[in-house]
Amino acid sequence: MEFGTVIETIGEVIDFVGVLAIVVGVVYASLDAGLRGIRGKSPIYDRFRRVLGRAILLGLELLVAADIIKTVAVTPTLDSVLVLAIIVLIRTFLSWSLELEVSGRWPWQKRGSTVDEPPLVQTETG
């Protein structure tokens with residue numbers, strides 16, 4: 001088997017796993033929300049959004065990884081690298097937006113801080 005074929009196959013498998021992660025996440029989040037509704041447990045909507053958002057984030061990460069593998073390792077032409085850059089930018093923006101929705105903070109913020117909190121500023125007293 002040729003190297004390019006192996007890398008292309010690995011990229012396709014990771015693509016499939018990314019899509020599978022999203023589909024499984026949608027099914028799990030839906031079942032979880034349905035069972036919570038039947039049992040009268042809360043929160044239903046917030047938990048549904050959080051679980052679904054995490055599944056989509058995981059799927060997007062895997063899809064980006066697959067695109068990088070397939071583009072850079074197999075056909076590194078200028079056109080394919082530009083298309084990859086655009087895809088990665090779009091998926092990164094989506095990931096950041098989802099992270100903000102799911103956790104209430106940007107990916108680079110510390111845990112516990114939210115977007116609405118002002119940054120901590122050290123002041124000297126003297």
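What covers the buried residues of α3? In this predicted model, the cover over those buried positions of α3 includes α2, the helix formed by residues 45-74, and the arrangement of these two helices is described below after an account of the overall fold.

The secondary structure of the protein consists of three helices and zero strands, which follow one another along the sequence in the pattern α-α-α. Of the 126 residues in the protein, 24% are counted as buried, while the accessible surface amounts to about 9100 Å², with 67% of that area belonging to carbon and sulfur atoms. Among the contacts in the protein whose separation is 6 or more, 60% are accounted for by residues that lie 24 or more positions apart.

Helix α1 comprises the 37 residues 3-39, for which a rise of 1.5 Å a residue predicts a span of 54 Å; because the C-alpha atoms at the ends of α1 are 53 Å apart, the expected and modelled lengths agree. The buried residues of α1 are Ile 7, Gly 11, Asp 15, Gly 18, Ala 21, Gly 25, Ala 29, Asp 32, Ala 33 and Arg 36, a list that includes glycine and alanine positions as well as Asp 15, Asp 32 and Arg 36. These buried residues of α1 pack against α2. Just after the helix, Gly 40 adopts a positive phi of about 75°.

Helix α3, made up of the 26 residues 78-103, was examined in the same way: at 1.5 Å a residue it should span 38 Å, and since its end C-alpha atoms are 37 Å apart, the modelled length agrees with the expected one. Within α3, the buried residues are Ser 80, Leu 84, Arg 91, Ser 95 and Val 102, and the cover over them includes α2. The residue that follows α3 is Gly 104, and its phi is positive, near 80°.

The packing of α2 and α3 can be described by the geometry of their axes, which are 10 Å apart and meet at an angle of about 165°. Because angles over 145 degrees count as roughly antiparallel, this value makes α2 roughly antiparallel to α3. The crossing of the two helices, α2 and α3, is left-handed. Helix α2 thus enters the description of both other helices, as the element against which the buried residues of α1 pack and as part of what covers the buried residues of α3.

Conventions: Residues numbered from 1 in each chain as written. Predicted model: local features only at pLDDT ≥ 70, side-chain atom pairs only at ≥ 80, totals over all residues. Heavy atoms only, no water. Helix = DSSP H or I, 4+ residues; strand = E, 2+ residues; numbered from the N terminus. Buried < 20%, exposed > 50% of the residue type's maximum accessible area, 1.4 Å probe, protein only. Contact = heavy atoms within 4.5 Å. Areas by Shrake-Rupley, 256 points an atom, 1.4 Å probe, with all protein chains shown as cover. Expected span 1.5 Å × (residues − 1). Axes fitted to C-alpha atoms, helices over the stretch in contact; angles between N-to-C directions. Parallel < 35°, antiparallel > 145°, perpendicular 65-115°, else oblique. Left-handed = near helix turned anticlockwise from the far one by under 90°.
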